[in-house]
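Biologist: Could you show me the protein, and then go through it with me step by step?

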Amino acid sequence: MTTKIHAVVDGRGLPVRLLLTPGQASDKTTAPELVGPLGLTGDVVGDRGYFGQAVIAAIEASGATAHIPSQSNVRVVRTVDRDLYRERNRVERFFNRLKHFRGIATRYFKTAANFLAALHLASTRLWIRHYESTT
């Protein structure tokens, strides 16, 4: 059994929302639940795994603009601004910082509730570290 971590980060790469799903679950099915209650505005950049009409509709229903490139197996290719898509690396950097916490990197916590709680604690430390170093 595996788990997959889904995250929404802000412009500074700090986590806003975290969600756990089973490892075999598709990204497309969880994205509306992930971004729906946030009330997003501006530009939302996502990975190709989140490409789907339901995901794009959920993002645009909240008033934001979705910048998610299409997958390679679709007929109508959706392109995005290359410079804007490069901002997606903030999510990758968040996951890199998350792996600095040994319990999370080794999946020490066996239950989903405990693992999600550890993710929230690690995310809180990242927020504290960010604001501690800027003041």
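Modeller: Before we begin, contact here means heavy atoms within 4.5 Å, and please keep in mind that this is a predicted model.

Biologist: Which residues does Ile-59 touch, not counting residues up to four places away in sequence?

Modeller: Ile-59 is found in helix H2, which covers residues 53–61. Leaving aside residues up to four places away in sequence, the residues that Ile-59 touches are Val-35, Val-44, Ala-64, Thr-65, Ala-66 and Ile-68.

Biologist: Does Ile-59 count as buried or exposed?

Modeller: A residue is called buried when its relative accessible area is under 20%, and exposed when that area is over 50%. Because the relative accessibility of Ile-59 is 3%, Ile-59 counts as buried.

Biologist: How far apart in space are Ile-59 and Leu-40, C-alpha to C-alpha?

Modeller: In sequence, Ile-59 and Leu-40 are 19 residues apart. In space, going from C-alpha to C-alpha, the distance between Ile-59 and Leu-40 is 7.2 Å.

Biologist: What pattern does the protein follow when read along the sequence?

Modeller: The protein has 6 helices and 4 strands. Written with α for a helix and β for a strand, the pattern along the sequence is β-β-α-β-α-β-α-α-α-α.

Biologist: What is the radius of gyration of the protein?

Modeller: For 135 residues the globule rule gives 14 Å, and the value for the protein is close to that, so the protein is as compact as a globular protein of that length. The radius of gyration itself is 16 Å.

Biologist: What share of the residues in the protein is buried?

Modeller: The protein has 135 residues, and the share of them made up by buried residues is 35%.

Methods. Residues are numbered from 1 along each chain as its sequence is written. This is a predicted model: local features need pLDDT of at least 70, side-chain atom pairs count only at pLDDT 80 or more; totals for chains, interfaces and linings use all residues. Side-chain values use heavy atoms; hydrogens and water are left out. Helices (H or I, at least four residues) and strands (E, at least two) are DSSP runs, numbered from the N terminus. Buried means under 20% relative accessible area, exposed over 50%, partly exposed in between (1.4 Å probe, protein chains only). The radius of gyration is taken over C-alpha atoms; the globule rule is 2.2 Å times the number of residues to the power 0.38.
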